[in-house]
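Please look over the structure shown here, and then follow a short walk through some of its helix pairs and enclosed spaces.

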Amino acid sequence: MTTQHQTLALLLFSAFVAATLAITTWVSRDRHGSAEEFYVGGRLFSPMENGFAIAGDYMSAASFLGISGLIALFGYDGMLYSVGFLVAWLVVLLLVAELVRNCGRFTLADVVAARMRERPVRIAVGSSSVTVSVLYLVAQMVGAGSLVSLLLGSDSGAAQAWTVIGVGALMVVYVTLGGMRATTWIQIIKTVLLMAGSILLTVLVLVRFHGNINQLLSSAADHSGHGKSFLAPGLRYGGDWTSRFDFISLGLALVLGTAGLPHILSRFYTVPTARAARRSVVWSIGLIGGFYLMTIVLGFGAAALVGTDQVKAANPAGNTAVPLLALEVGGGAGSTGGTVLFAVVAAVAFATILAVVAGITLASSASVAHDLYATLQRRHPRQRSEVAVARLAAVAIGSVAIALGLLAKDLNVAFLVGLAFAVAASANLPVLLYSLFWRNFTTRGAVWAVCGGLVPAVVLVALSPVVSGSPGSLFPSVDFQFFPLENPGLVSIPLGFLAGWLGTVTSDEPPDAARHAETEVRSLTGAGAV
């Protein structure tokens, strides 16, 4: 990259950081320090504002950088991520959005604890939420490192490391100073920027091919090095039965995982009513649907105009396909248009990463303070307020995410998010659905559902080709791979549901019919909702 690219991109990125820090400072002056203000922004957002913020939380670095990169590398098979992420929103809209808003207060554990013994349930669900959030954060950190590597035109480990550390520091500042209100406004600004950048790039790609989609796909196949097989299933998930099962596993994780993501579920509490929560999801589906359709055009556009080999050369995982496409459609390397468009896209990608990590960090710090600390401290004198603990937790979680982000810097960001979705679908979704819809569900069933999904998911990832035993793994020089699939969802999601059922039917605790009836009425009607 030329000095022009670097300077302009860094200037635009600095402008976004300055604007968001100004918003955070402005918001922090008006807050009164209550838990409701810090966790959910006082529940004062409109459905449209919250819909934009939900879309901002969901359209992460994985969406903008990772999916387009996977399509540029693997064609048809890469589209699974676009389709899976979009279909997942129907599960959220139909099954959980309104019910979660009515039953909960701040976190996912509130919904489950409404009819169970609180202490064991909050510890289990809180731990699971933090695990999912950290996995999701790692993907964003990897995206930031890949962008800076491209921007500086080198594979400088020091530059990537300092970028990851800088992103981590900024997200801690956003969360500790501004809470949910600042995080939401940052998400709204980022959504507008991301949609504008994606629409501009999509239009430029389609103009290059005179609006002819067939010509775009044919050119992508020709420049991919794979010919017509680039447009057919099987390039990544079809060589053997293992890869086919991996395909099913990933699809399950993507479709079911969204309904178990803590930072998405916490968004439903920022609006005043359940009806507003449902309208928020409708707004977000419109934005997200349009965006994922555009990622397909951008992915095939990168293959057609940049070339699969060049995308892979710049970043083996394909994370930099979209910035390279921007450079090409803007006029090519060295042109003013290419320089400006590249800088704009790189800055939007940075903005995406910063906004998403702020949302995830807030959700995970809320789980630590509201679920873990508030539950454990009841047996001891109160030493710090919940909000103060949440701020400390944001620092700790940021540090862990930075360390893991440095370790996983060579993996595709969409793939890493797929792992987070698998853990969310395995640990959080079973306990959420059982507690909302199963009359006989007990405390033991809830704890077993979380542990029965979380532990197998994490263990299977540790024993998979992602961690060891292959050239692209985290530890390529060692081999303790025993599980053949890269995504554990196919095994761990059924195990989560099975463990919840088994824990309930073997429990001596009688189901609390009165509390279930109360929860059912509250979830369906909103009577008594906070």
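The axes of helix H18 (residues 443-462) and helix H19 (residues 489-505) come within 7 Å and cross at roughly 155°, where helices are DSSP runs of H or I with at least four residues, numbered from the N terminus, and axes are lines fitted to C-alpha atoms over the stretch in contact, with angles from 0 to 180 degrees between N-to-C directions. H18 and H19 are therefore roughly antiparallel to each other, since angles over 145 degrees count as roughly antiparallel, those under 35 as roughly parallel, 65 to 115 as roughly perpendicular and the rest as oblique. Among the residues that make the contact (heavy atoms within 4.5 Å) are Trp-448, Gly-452 and Pro-456 of H18 and Leu-495, Ala-499 and Gly-503 of H19. The residues of this contact of H18 with H19 divide into nine nonpolar, eight polar and one charged; here Ala, Val, Leu, Ile, Met, Phe, Trp, Tyr, Cys and Pro count as nonpolar, Asp, Glu, Lys and Arg as charged, and the others, Gly among them, as polar.

This is a predicted model, in which local features need pLDDT of at least 70 and side-chain atom pairs count only at pLDDT 80 or more, while totals for chains, interfaces and linings use all residues. Residues are numbered from 1 along each chain as its sequence is written, and side-chain values use heavy atoms, with hydrogens and water left out.

A second pair is formed by helix H5 (residues 79-103) and helix H10 (residues 241-257), whose axes come within 7 Å and cross at roughly 40°, and H5 and H10 are therefore oblique to each other. In this pair, residues including Tyr-81, Gly-84 and Val-91 in H5 meet residues including Phe-247, Leu-250 and Leu-254 in H10, and the contact of H5 with H10 comprises 10 nonpolar, two polar and no charged residues.

Tyr-81 and Leu-250 return in the lining of the second largest cavity, together with Tyr-237, Asp-246, Phe-415, Glu-486 and Asn-487. A cavity is a set of points, on a 1 Å grid over the protein atoms alone, where a 1.4 Å probe fits but cannot get out, and lining residues have an atom within 4 Å of a point. The second largest cavity has a volume of about 40 Å³, a volume being the space filled by probe spheres set on the points, which are joined across faces, edges and corners. Its lining holds four nonpolar, one polar and two charged residues.

Conventions
Helix = DSSP H or I, 4+ residues; strand = E, 2+ residues; numbered from the N terminus. 1 Å grid on protein atoms, 1.4 Å probe; cavity = no way out; pocket = protein on both sides within 12 Å on 5 of 7 lines; lining within 4 Å.
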